[in-house]
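User: Please take a close look at a single part of this structure and describe how it relates to the rest of the chain. A connected account in prose is preferred to a list.

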Amino acid sequence: MAVVAVWKCDRDGTMFDNKKDAEEHDNMLELAANITSLLEQAVPELSEDLGEAVGLVLAQKRDVLAKACKGKPSLLLEEMVAPSDSNVSDIQKAGNA
């Protein structure tokens, strides 16, 4: 029987084949949680589910957001997600909750 090393993210239980990917995922989830906290503080009427969904999308798109903030806002239009994408449907579901 072979032994296979896997890394598990404590935040959501996602499993990875290598430590680098696991740490990157964990950092993205930490950023999403911090963005969610910021949004909830700035917009008190924002629902928890919607705040989490928006925080996750912003964290997943952090690279393009950083470039857009540094003077290339058109990159956001290139990164727009199709309505069938799970991120958009998660946000829509949270907004309807």
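Analyst: A residue is called buried when its relative accessible area is under 20%, exposed when it is over 50%, and partly exposed in between, with a 1.4 Å probe and protein chains only. The model is predicted, so local features need pLDDT of at least 70 and side-chain atom pairs count only at pLDDT 80 or more, while totals for chains, interfaces and linings use all residues. Residues are numbered from 1 along each chain as its sequence is written, and side-chain values use heavy atoms, with hydrogens and water left out.

The part examined here is helix α1, which spans residues 19-42. The protein has five helices and two strands, and from the N terminus its elements follow the order β-β-α-α-α-α-α. Helices (H or I, at least four residues) and strands (E, at least two) are DSSP runs, numbered from the N terminus. Of the 97 residues, 20% are buried. The accessible surface comes to about 7200 Å², and carbon and sulfur atoms hold 54% of this area; such areas come from the Shrake-Rupley method with a 1.4 Å probe, and for residues only the protein chains shown count as cover. Among contacts with a separation of 6 or more, 34% join residues 24 or more positions apart, a contact being heavy atoms within 4.5 Å.

The charged side chains of the helix come next. A salt bridge requires a side-chain nitrogen of Lys or Arg within 4 Å of a carboxyl oxygen of Asp or Glu, and three pairs satisfy this rule. Side chains of opposite charge can pair when their charged atoms come close. In one salt bridge, R11 meets D26 at 2.8 Å, N to O. Because R11 belongs to the loop between β1 (7-8) and β2 whereas D26 belongs to helix α1, this pair ties together parts that are 15 residues apart in sequence. Both partners are partly exposed, R11 with a relative accessible area of 45% and D26 with 23%. The side chain of R11 also forms a salt bridge with that of E30, at 3.7 Å, N to O. Here again distant parts of the chain are linked, with R11 in the loop between β1 and β2 and E30 in helix α1, 19 residues apart. E30 counts as partly exposed at 35% relative accessibility.

A further salt bridge joins E23 and K19 at 3.8 Å, N to O. These two residues both lie in helix α1, four residues apart, or about one turn of the helix. E23 is partly exposed at 42% relative accessible area, and K19 is likewise partly exposed, at 47%. Through shared partners, salt bridges unite R11, D26 and E30 into one network. K19 is also placed close to an earlier segment: K19 and W7 are 12 residues apart in sequence, yet their C-alpha atoms are 6.1 Å apart in space.

E24, too, lies in helix α1 and is partly exposed, with a relative accessible area of 44%. Together with D17, D21 and D63, E24 forms a negative surface patch. A patch consists of residues with over 30% relative accessible area and no salt bridge, like charges being joined within 9 Å and nonpolar side chains (Val, Leu, Ile, Met, Phe, Trp, Tyr) within 5 Å. Lys and Arg count as positive and Asp and Glu as negative, with His and the chain ends not counted; each charge is placed at NZ of Lys, CZ of Arg, CG of Asp or CD of Glu.

Two buried residues show the helix from another side. H25 lies in helix α1 and is buried at 17% relative accessible area. Leaving aside neighbours within four places in sequence, H25 contacts C9, D12, T14 and F16. T36, also in helix α1, is buried at 7%. Not counting residues up to four places away in sequence, T36 touches G51, E52 and G55.

Outside the helix, M15 is found in strand β2 (residues 15-16) and is partly exposed, with a relative accessible area of 46%. M15 joins V4 and V6 in a nonpolar surface patch of about 290 Å².
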